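Visitor: I would like to go through the labels attached to this model one at a time. Please set each value against its definition.

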Amino acid sequence: MALPIFLCDDDSALVQYYKSVIENWIMINNYDMELIFATTDPDDIFLYLKRNSITNCLFFLDIDLGMHLDGIDIAQQIRKDNEFAQIVFITSHQELAIKTLERQISPLNYIVKDSQTEKNQIQKVLNSCHQQTFIDRLPNQRHLSFFMGSRSIRVDISTIYFIETSPTPHKLILYGENIMYEFYGKMDDLTDEYPELLRVHKSFLINPQQIKSIDYKSRTITFPEEYSCNFPLVKTKLLKNLFHN
């Protein structure tokens, strides 16, 4: 079954532009995806979802819709009804990304409006969804595997920044190159199964190959895209031995 895609933006001209980018990229690459709904009104999406049973899908949502609901409100309702939906926010307000984390939405990605790279960002999201779901990007590389609904997701370990425990019980959040997934899993199981990842805290499992810097005073590890996590004092010696010898 093709991956259903939904698009919502309050600017009708942008809806047509994004629609064209998505449909053309799907056609050029023969991806098993379909843009089934593009609208300026979020109520249209809710009505469609109410009438059609869809479990696994991809949403492109404008955060600032200028309506009674913003994109974060819509995403929260979608997440409530479908925890396995993949959500990409389109926004000119990058600072709102923190708000999405506070509301436990766990978006797949963010696309920055009014930039020269909008088209490229959308194409990268579609590439990532295809690669993570349907093919191995690097056949000889190790992958971390998990399920989102009935879909099996495989992520190249080399692209992972770190994994943390989610505020939602029994769930983990994976951060990596242009990806963010929230899924059911146990940190202890991943620690045992993937020895190339390093457990630096009961709540954090990191990829040492993706570390940009370590601040031993604040006990903070920094990764690409300004992601970071903390580690306890007891792990200081381990990290220094690994990265400074």
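Visitor: Why are Lys 113 and Asp 62 called buried or exposed?
Guide: Both Lys 113 and Asp 62 are buried. Buried means under 20% relative accessible area, exposed over 50%, and partly exposed in between, with a 1.4 Å probe and protein chains only. Asp 62 has 3% and Lys 113 has 13%, so each falls under the 20% limit.

Visitor: What do these values rest on?
Guide: This is a predicted model, in which local features need pLDDT of at least 70 and side-chain atom pairs count only at pLDDT 80 or more, while totals for chains, interfaces and linings use all residues. Side-chain values use heavy atoms, with hydrogens and water left out, and residues are numbered from 1 along each chain as its sequence is written.

Visitor: What makes Lys 113 and Asp 62 a salt bridge?
Guide: A salt bridge is a side-chain nitrogen of Lys or Arg within 4 Å of a carboxyl oxygen of Asp or Glu. For Lys 113 and Asp 62 the N to O distance is 3.2 Å, so the pair qualifies. Lys 113 is in the loop between S5 and H5 and Asp 62 is in strand S3, so the pair ties together parts that are 51 residues apart in sequence. Helices (H or I, at least four residues) and strands (E, at least two) are DSSP runs, numbered from the N terminus.

Visitor: Which residues are joined into one network by salt bridges that share partners?
Guide: Asp 9, Asp 62 and Lys 113 are joined in this way. Asp 9 also forms a salt bridge with Lys 113, with the closest N and O atoms 3.0 Å apart. Asp 9 sits in the loop between strand S1 (3–8) and helix H1 (12–29), and Lys 113 in the loop between strand S5 (109–112) and H5, so this pair ties together parts that are 104 residues apart in sequence. Asp 9 is buried, at 0%.

Visitor: Which residues is Asp 62 in contact with, leaving aside its neighbours within four places in sequence?
Guide: They are Cys 8, Asp 9, Asp 10, Gly 71, Ile 90 and Lys 113, where contact means heavy atoms within 4.5 Å. UniProt, in an unreviewed entry, places "modified residue: 4-aspartylphosphate" at Asp 62. UniProt positions follow the numbering used here, feature names are shortened, and annotations may be inferred rather than shown by experiment.

Visitor: How many salt bridges are there by this rule?
Guide: The count is four. One of them pairs Lys 19 with Glu 23 at 3.3 Å, N to O. These two are four residues apart in helix H1, which means a separation of about one helical turn. Lys 19 is partly exposed at 27%, and Glu 23 is partly exposed at 32%.

Visitor: How many disulfides does a search of the whole structure find?
Guide: Zero; a disulfide would be a pair of cysteine sulfur atoms within 2.5 Å. Cys 8 is buried at 1%, and Cys 129 is buried at 0%.

Visitor: What is the phi of Arg 219 and of Glu 225?
Guide: Arg 219 has a positive phi of about 55°, and Glu 225 has a positive phi of about 60°. Neither is a glycine. Most residues other than glycine have a negative phi. Arg 219 lies in the loop between strand S13 (213–215) and strand S14 (220–222), while Glu 225 is in the loop between S14 and strand S15 (228–230). Arg 219 is partly exposed at 31%, and Glu 225 is partly exposed at 44%.
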